[in-house]
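Thanks for asking me to look through this model with you. Keep the viewer open, and let's take the points one at a time.

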Amino acid sequence: MQDETNNALPTVEQVFQRPYVISWNLTYRCNLQCEHCYLDAGPSPRVDSEAFADRSELNTDECKKVVDEIASFAPEAVTILTGGEPLLRRDILEIVRYAAAKQLWVVVGTNGVLVTERLARTLKDAGVRGLALSLDSLDPDVHDRFRGVRGAWRNTVNGARVLDEVGLPFIIQTTVGKHNVNQLEEIADFAQQELHAKVWNLYFLVTTGRGVFVSDIAPEEYDQVLEQLHKIQQAQQGKMMVNAKCAPHYVKTVFERDPDSPFLKTYSGGAGGCPAGTHYMGIRPNGDVTPCPYLPVFGGNLKEAHLRDLWESSEPFVRIRQRGSLGGRCGKCEFTPVCGGCRARAYGSTGDYMAEDGLCTHQPGSAPGARERFPTGVEYGKQEVRELEWEPAARERMHAIPAFVRGRVVRSVESSCRERGLDIVTCEELDEIRSRMPANRLFGRGNRGSEN
Ligand code: SF4
Ligand code: SF4
């Protein structure tokens, strides 16, 4: 019975029409040498496999063609320009300007080491909406060891402070491991109180790329980390958004702790959990396309094929969406529609991206009520439809939200206003709603309308 239900999950034709986040590794060059790098970037690559053999990079004109492809097929997508270290590309500003001129929502994923005030202002003027910086410890030596370069911690923290000064929003990402597992609460507090990050993402190790050489913590320890993360998420509610990355079974932890948790609202049927190939796409420096940057299986190359065709028809994208065909526990699980397990981790540990995610300890069938708890409709990418009157300033603040999620937010705001008997959406009301949300930075602040 369980399998039959999972086989009825939505397929690409029904819901997965476009990617909403595209992570584009622009270069293998890097000024750090992180132990766990999924791309095996930097001056001393270590992975000797076919999937990492072609280390060529698209030139500027080829990158502009990729931007054209994104703008024509997935204009609502958040486009993350990352690496390696993308700021090492001499044409990074040209690519950003070109993408921004095409109305793409551009974010730069960087280690932050090169961020100066001048560069931050230039990036902002070029149209960058935000940055993502990596910080792994409050102890500079621990961070520097993990990132492979002395002084990396100091430069990254300085970079975050500069971004705060300049008013360019940024998120902090931390990879959990033996080196920092006892320090997570302090890192989150530091990110929020000292650096004023909008979001703190906790990444779980994926053993692809150089990650195969890193020893991981045990699944049972990860369960403890996820429980700890839930406490941090609750403590940071209204101050900073907290998310688990590469651990889609976090939904299980939250559900088991609090089935009515507001954090569960971000999961929607058939599209929740692991977004690889359903909402998410990776692009390698040479133009190869993958369902997720951590997953080295390729749908084709953008020098030879259109992004739309690869998304709609290439083998890994079509196959990965068939959650009813997942192997092991993931194929039988009541959380499959909102979790699905990390496909890259399944690949890293078994060579089959449809296998079960070995990091998860869940036994399918042991969480009654889970399947009924989550809505089956998919909200991402829905059109922005306004039924109430909006104050012009309130309407303007919606532009601080990425296009793919704006329709969903507009609907929630209007529904909240109706419940409160209001027929006009004002900035005051947005502030009130924001104070109740896990992601209170949505809609910006009244005096800094471009933030998110
Ligand atoms: S068994 Fe798989 S689908 Fe179920 S919670 Fe664990 S990782 Fe998610
Ligand atoms: S496979 Fe899914 S859960 Fe794993 S890193 Fe990629 S998007 Fe995240």
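1. Let's begin with a question: against which helix do the buried residues of helix 12 pack? Bear in mind while you look that this is a predicted model. The partner you should find is helix 11 (315-320), against which the buried residues of helix 12 pack.

2. Stay with helix 12 for a moment. Six of its eight residues are buried, so the helix is largely enclosed by the rest of the structure. If you would like to pick them out, the buried ones are Arg 343, Ala 344, Arg 345, Ala 346, Tyr 347 and Gly 348. Just after the helix comes Gly 351, which has a positive phi of about 85 degrees.

3. Helix 12 (residues 343-350) also takes us to ligand 2, since this helix gives the most to the shell around that ligand, with three residues. The shell has 14 residues in total, and those that come nearest are Cys 274, Ala 276, Cys 292, Cys 342 and Ala 344. Ala 344 is a nice one to click on: it is among the nearest to ligand 2, and it is also one of the buried residues of helix 12. By class, the shell around ligand 2 holds twelve nonpolar residues, two charged ones and no polar ones.

4. Now turn to ligand 1. How do the residues of its shell divide into nonpolar, polar and charged? Here there are five nonpolar, five polar and four charged residues. Around ligand 1 there are 14 residues, and Cys 330, Cys 333, Cys 339, Gly 341 and Cys 360 come nearest.

5. Next, zoom out to the whole chain. You can count 16 helices and twelve strands. Of the 452 residues, 50% are buried. Among contacts between residues at least 6 apart in sequence, 73% join residues at least 24 apart.

6. Ten strands form an open sheet with mixed pairing, and their order across the sheet is 7-6-5-4-3-2-1-8-9-10. At the edges are strand 7 (241-245) and strand 10 (300-301), each of which pairs on one side only. Helix 8 (residues 219-235) packs on this sheet, where it touches strand 6 (199-203) and strand 7, and its direction makes about 160 degrees with that of strand 7.

7. Strand 8 deserves a slower look. With strand 1 (residues 21-25), strand 8 (residues 280-283) pairs in the parallel sense over four bridges. Two of the facing residues are easy to find: Val 21 has Tyr 280 as its bridge partner, and Trp 24 stands opposite Ile 283. Strand 9 (residues 288-290) runs antiparallel to strand 8, and two bridges join them. In this pairing, Gly 282 stands opposite Thr 290.

8. Are the two faces of strand 8 covered or uncovered? Both are covered: Tyr 280 and Gly 282 on one side, and Met 281 and Ile 283 on the other, are all buried. The hairpin that strand 8 makes with strand 9 has four residues between the strands, and in this hairpin Gly 287 takes a positive phi near 95 degrees.

9. For a helix pair, try helix 5 (residues 140-147) and helix 6 (residues 152-166), which pack at an angle of about 100 degrees with their axes 7 Å apart. That angle makes helix 5 roughly perpendicular to helix 6. Helix 5 brings Pro 140, His 143, Asp 144 and Arg 147 to the contact, while helix 6 brings Ala 152, Trp 153 and Arg 154. By class, this contact has three nonpolar, one polar and three charged residues.

10. Finally, here are two exposed residues to compare with the buried ones. Why does Asp 61 count as exposed? Asp 61 counts as exposed because it has 8 C-beta neighbours inside 10 Å. You will find Asp 61 in helix 2 (residues 60-73). Its C-alpha is 9.1 Å from that of Ile 95, although the two residues are 34 apart in sequence. Ser 366, in the loop between helix 12 and helix 13 (370-373), is exposed too, with 11 other C-beta atoms within 10 Å. From Ser 366 to Glu 334 the C-alpha distance is 8.6 Å, with the pair 32 residues apart in sequence.

Note on methods: Residues numbered from 1 in each chain as written. Chains lettered and ligands numbered in written order. Predicted model: local features only at pLDDT ≥ 70, side-chain atom pairs only at ≥ 80, totals over all residues. Near = placed C-beta within 6 Å. Nonpolar A, V, L, I, M, F, W, Y, C, P; charged D, E, K, R; others polar. Buried ≥ 20, exposed ≤ 12 C-beta atoms within 10 Å, placed from the backbone. Contact = placed C-beta atoms within 7 Å. Axes fitted to C-alpha atoms, helices over the stretch in contact; angles between N-to-C directions. Parallel < 35°, antiparallel > 145°, perpendicular 65-115°, else oblique. Pairing = 2+ DSSP bridges.
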